[in-house]
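The following exercises are to be worked with the sequence and the structure at hand. Each task is followed by a solution in steps.

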Amino acid sequence: MKELSLNVLDIAKNSVKAKATLISIRLEETEETFTMTVCDDGCGMTEEILRGVIDPFCTTRKTRKVGMGIPLLKMAAEQTGGNVSITSRHVDSFPDTHGTELTALFYKNHIDFTPLGDIVSTVTTLIQGSPEIDFEFLHTSDRFRVTLDTRQLREILGEEIPLSSPEIIQWVAQYLGEQYANLSNN
Amino acid sequence: MKSLAELAAIRDKMKDKIVLREGGEVTRIVVGMATCGIAAGARPVLNAFVEGVDREGLNAKVVVSQTGCIGLCQYEPIVEVSEPGKEKVTYVKMTVEKAEKVLKQHIQGGKIVEEYTITAAQK
């Protein structure tokens with residue numbers, strides 16, 4: 001992947017497929033590290049599936065027997081000296097607290113660190129593709145904080161207006177874009 | 001500065017428009033957004049369609065949506081266009097520029113951009 005934000009999009013799509021109702025994407029930066037956490041309340045994975053998930057030959061897709069999403073992320077993290085960890089609670093064993101949490105740690109100053117890229121586009125793409133799911137997005141460091149929570153938007157918009165409406169997607173893009181623009185001005 | 005309060009204004013403006021799309025058949029533009037599509041550049045292609053449809057005022061009759069892997073990863077980014085009563089057209093190896101042309105020539109003009117289709121790619 002050319003940008004880390006594309007990995008974020010790809011990984012969050014797994015949560016969509018797991019029928020999550022809330023997907024939380026947290027990006028946390030320090031001087032040296034970049035940590036990405038994607039957390040969902042989807043169906044979760046059994047221990048057996050979880051063990052195999054790092055393997056490219058483990059996939060949920062029906063069209064081919066190869067899934068590259070997590071292996072690609074793992075490679076991107078490990079080539080900076082970082083790592084990927086996943087914990088999951090399958091719905092059969094945890095009917096009330098099921099879900100998956102994936103954390104990827106990157107070392108930013110490593111020459112092989114992939115830049116984040118257009119993360120705003122990733123957030124709008126997720127909302128556009130799954131307007132019925134709630135997304136919580138948080139990008140923080142000790143210097144800044146960029147946030148979006150679709151539950152807040154839904155409260156204002158009500159039931160009738162889908163979050164995937166172009167007007168809303170455009171508003172989200174501008175809302176996040178302005179938060180990032182203000183950072184670089186300060 | 002964009003604020004949440006501004007959303008309320010957008011909501012009020014949109015309420016009348018929503019009814020328009022109900023009933024009446026729509027054209028569907030479906031972009032493949034699995035790992036293969038994303039890695040090949042599907043995200044900007046999707047955005048080009050979403051923004052283009054809005055810009056050209058086609059929201060009432062065109063819906064842009066996302067799908068998973070179609071099984072033709074070597075041809076990603078793939079975009080399928082389904083118009084009511086017509087056969088589905090599959091565009092392959094799409095870019096933002098190609099998306100603009102498909103929007104203009106096919107979606108608005110009704111003429112398939114033959115050179116971008118999978119049939120042309122497989123020749």
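Axes are lines fitted to C-alpha atoms, for helices over the stretch in contact, and angles run from 0 to 180 degrees between N-to-C directions. The model is predicted.

**Exercise 1. Describe the sheet of chain A and locate its edges.**

Step 1. The strands of this open sheet follow the order β3-β4-β2-β1-β5-β6 in chain A, 6 strands with mixed pairing.

Step 2. An edge strand pairs on one side only, and this holds for β3 (83-89) and β6 (145-149) of chain A.

Step 3. On average, neighbouring strands of the sheet are turned by 5° against each other, direction ignored.

**Exercise 2. Determine in which sense β1(A) pairs with β2(A) and with β5(A).**

Step 1. Between β1(A) and β2(A) the sense is antiparallel, with 7 bridges. In this pair, Asp40(A) of β2(A) stands opposite Ile23(A).

Step 2. The link between β1(A) and β2(A) is a hairpin of 3 residues.

Step 3. β1(A) and β5(A) run parallel and are joined by 7 bridges. Here Arg26(A) has Leu138(A) in β5(A) as its bridge partner.

Step 4. The mixed pairing of the sheet thus appears at β1(A), antiparallel to β2(A) and parallel to β5(A).

Step 5. Further along the order, β2 (residues 33-40) and β4 (residues 99-107) of chain A pair in the antiparallel sense over 8 bridges. The bridge partner of Thr35(A) in β4(A) is Leu105(A).

**Exercise 3. State which strands α3(A) and α4(A) lie across, and at what angles.**

Step 1. α3(A) lies across β2, β3 and β4 of chain A and runs at about 30° to β4(A).

Step 2. α4(A) lies across β1 (22-29), β5 (134-140) and β6 of chain A, and its angle to β5(A) is about 170°.

**Exercise 4. Analyse the sheet of chain B and the helix packed on it.**

Step 1. This open sheet of 4 strands, with mixed pairing, has the order β2-β1-β3-β4 in chain B.

Step 2. Its edge strands are β2 (62-67) and β4 (89-91) of chain B.

Step 3. The average turn between neighbouring strands is 20°, direction ignored.

Step 4. β3 (residues 79-82) of chain B pairs with β4(B) in the antiparallel sense over 3 bridges. Thr90(B) in β4(B) is the bridge partner of Glu80(B).

Step 5. Helix α3 (residues 42-55) of chain B packs on the sheet and touches β1 (27-32), β2 and β3 of chain B. The direction of this helix makes about 165° with that of β2(B).

**Exercise 5. Characterise the interface of chain A and chain B: how many residues are in contact, and which polar links join the chains?**

Step 1. The contact involves 37 residues of chain A and 31 residues of chain B.

Step 2. About 3,100 Å² is buried between the two chains, and carbon and sulfur atoms give 62% of this area.

Step 3. The count of salt bridges between the chains is 1. This salt bridge joins the side chains of Glu3(A) and Arg43(B), at 2.7 Å from N to O.

Step 4. Across the interface there are 12 residue pairs in polar contact, both residues at pLDDT 80 or more.

Step 5. On the side of chain A that touches chain B, at least two residues each come from α1 (4-17), α3 (69-78), α4 (119-129), α5 (150-157) and α6 (166-185). α6(A) gives the most, with 10 residues.

Step 6. By class, this side of chain A has 13 nonpolar, 15 polar and 9 charged residues.

Key:
Residues are numbered from 1 along each chain as its sequence is written. Chains are lettered from A and ligands numbered from 1 in the order in which they are written. This is a predicted model: local features need pLDDT of at least 70, side-chain atom pairs count only at pLDDT 80 or more; totals for chains, interfaces and linings use all residues. Side-chain values use heavy atoms; hydrogens and water are left out. Contact means heavy atoms within 4.5 Å. Buried area is the accessible area (1.4 Å probe) that two parts lose on being put together, summed over both. A salt bridge is a side-chain nitrogen of Lys or Arg within 4 Å of a carboxyl oxygen of Asp or Glu. A polar contact is a pair of N or O atoms within 3.5 Å; within protein, one must be able to donate a hydrogen and the other to accept it, and residues adjacent in sequence count only if both atoms are side-chain atoms. Ala, Val, Leu, Ile, Met, Phe, Trp, Tyr, Cys and Pro count as nonpolar, Asp, Glu, Lys and Arg as charged, and the others, Gly among them, as polar. Two strands pair if DSSP finds at least two bridges between them.
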